[in-house]
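Here are some short exercises to work through with the structure open beside you. Try each task before you read its solution.

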Amino acid sequence: MATVKCSIPKGTRDFLPVEMARRNYIFDTIRSVFRAFAFEPIETPSLENLSTLMGKYGEEGDKLLFKVLNSGNFMEGVDFNQDYHKVAPQICDRGLRYDLTVPFARFVVQHRDQVVFPFRRYQLQPVWRADRPQKGRYREFYQCDADMIGSPSLLNELELVQMIDTVFDKLGINVCVKINNRKVLAGIAEMIGAPDKMVDITVAIDKLDKIGLDNVRAELAERGLTAEQIKALDPVFSLSGTAAEKISALEEMFANVETGLKGAAELKELFALINAAGPRCTVELDLTLARGLNYYTGAIFEVKALDVQIGSICGGGRYDNLTGIFGMPDVSGVGISFGADRIYDVLTELNAFPEGLEQAARVMFINFGAKEQAACIGIAARLRCAGISTLIYPDAAKMKKQMDFANRKQVPFVAFVGESEMQNGTVTLKNMSDGSQQTMTVDEMISQMK
């Protein structure tokens, strides 16, 4: 058999035990906050029908979908001289999910008789995007989503901000929550006389932090906006002040634009709720925030780490009719997604992971031989029942080898059960951090370690 080079696809990663311990710390922190806000867990398949996914993320999103070839003789009868977009649906009808929100909308419609509205769900699962891999951007990555569906109340948006604040406070990351409203963006497009270019405007504006204002203007021109229309956007780019001052200026700008006024009113109500709640993190109104996904219709959110240069680490927004495309119209939803992989990168750069996460065992028994091993088995069972992670070294190897293993695995305590301990029903416990040793009963050992 030929030797195969060990490798994985670009944009994917293996995770060592230390990395998994740190990732689980992030997942557990986020999950605990979701539960505190009364969200319920669900899961959906990695594969979805392409009919579920296509057309929901915009033109750029559709290009980033991983499509899965049909099984069997899928090429039979296919004319490969046709345009790719005509060939693709004939040879693949499934794809890897791009996010968790569209599958959630499908889930809600499919299980409408089994969930209670308003429905609050959370979901921690991987998603896939055929993107160009770079720092903080992967082809396979985890999203941690929380959504409320079946209620238009802006209290839901407030609770999302409160969850963001709580999660990042627990993780020790300083963040800024940026908020805008898609109705405001639609109002801006209408105000400059380009209502049909709303998607083009939002896609370009959403890149402002990455490519700069001049390049955004150039992209707007490429997308068909006139020089006058692009210039008319300048007041939006230059708007400054507090959220209240920006909203007041918007109300003046939108004097004759109903959609824009509605968006400004929603922002006014939301920021009043946020100010009353008094979050610890910075929350600001950013009128250049667009979020490129087409299904957003109201408030939109994006979270930036203040102490690390990296892209958005959390984002989301309001979608008023996402379930409508699956035959269940007029159901409003809102949600956020925490980017676990980018949060991991931020905590790594800040050296902010708690110590001891990588400890698999709290205590390790030295293996002196068959009789001693038999005695350790019963003691280890009692420790594990008491919730103490316990390891018995599997071989009666030299003491130095076993102690070196304990040090490398950062096991905080090593236990010795030799001939005298077996006779007396005791255990000698060594603290690996200071070298101190104590001989005690198993009950005393459990009490001390707990």
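The exercises below go from the whole chain to single residues.

This is a predicted model, where local features need pLDDT of at least 70, side-chain atom pairs count only at pLDDT 80 or more, and totals for chains, interfaces and linings use all residues. Residues are numbered from 1 along each chain as its sequence is written, and side-chain values use heavy atoms, with hydrogens and water left out.

**Exercise 1.** Describe the protein's secondary structure and its burial.

- Step 1: Count helices (H or I, at least four residues) and strands (E, at least two) as DSSP runs, numbered from the N terminus. The protein has 19 helices and 16 strands.
- Step 2: Call a residue buried under 20% relative accessible area, exposed over 50% and partly exposed in between (1.4 Å probe, protein chains only). Of the 450 residues, 50% are buried.

**Exercise 2.** Find the cis peptide bond and place its proline.

- Step 1: The bond running from Phe 117 to Pro 118 is cis, and its omega is near -5 degrees.
- Step 2: Pro 118 sits in the loop between α5 (101-110) and β5 (119-128).

**Exercise 3.** Look at Ala 38 and Gln 410: what is the phi of each, and where does each lie?

- Step 1: Ala 38 is not a glycine, yet its phi is positive, about 65 degrees. This residue belongs to the loop between α1 (17-36) and β1 (40-41), and Ala 38 counts as exposed because its relative accessibility is 51%.
- Step 2: Gln 410, also not a glycine, has a positive phi of about 55 degrees. Its loop runs between α17 (399-408) and β14 (413-416), and Gln 410 counts as partly exposed because its relative accessibility is 39%.
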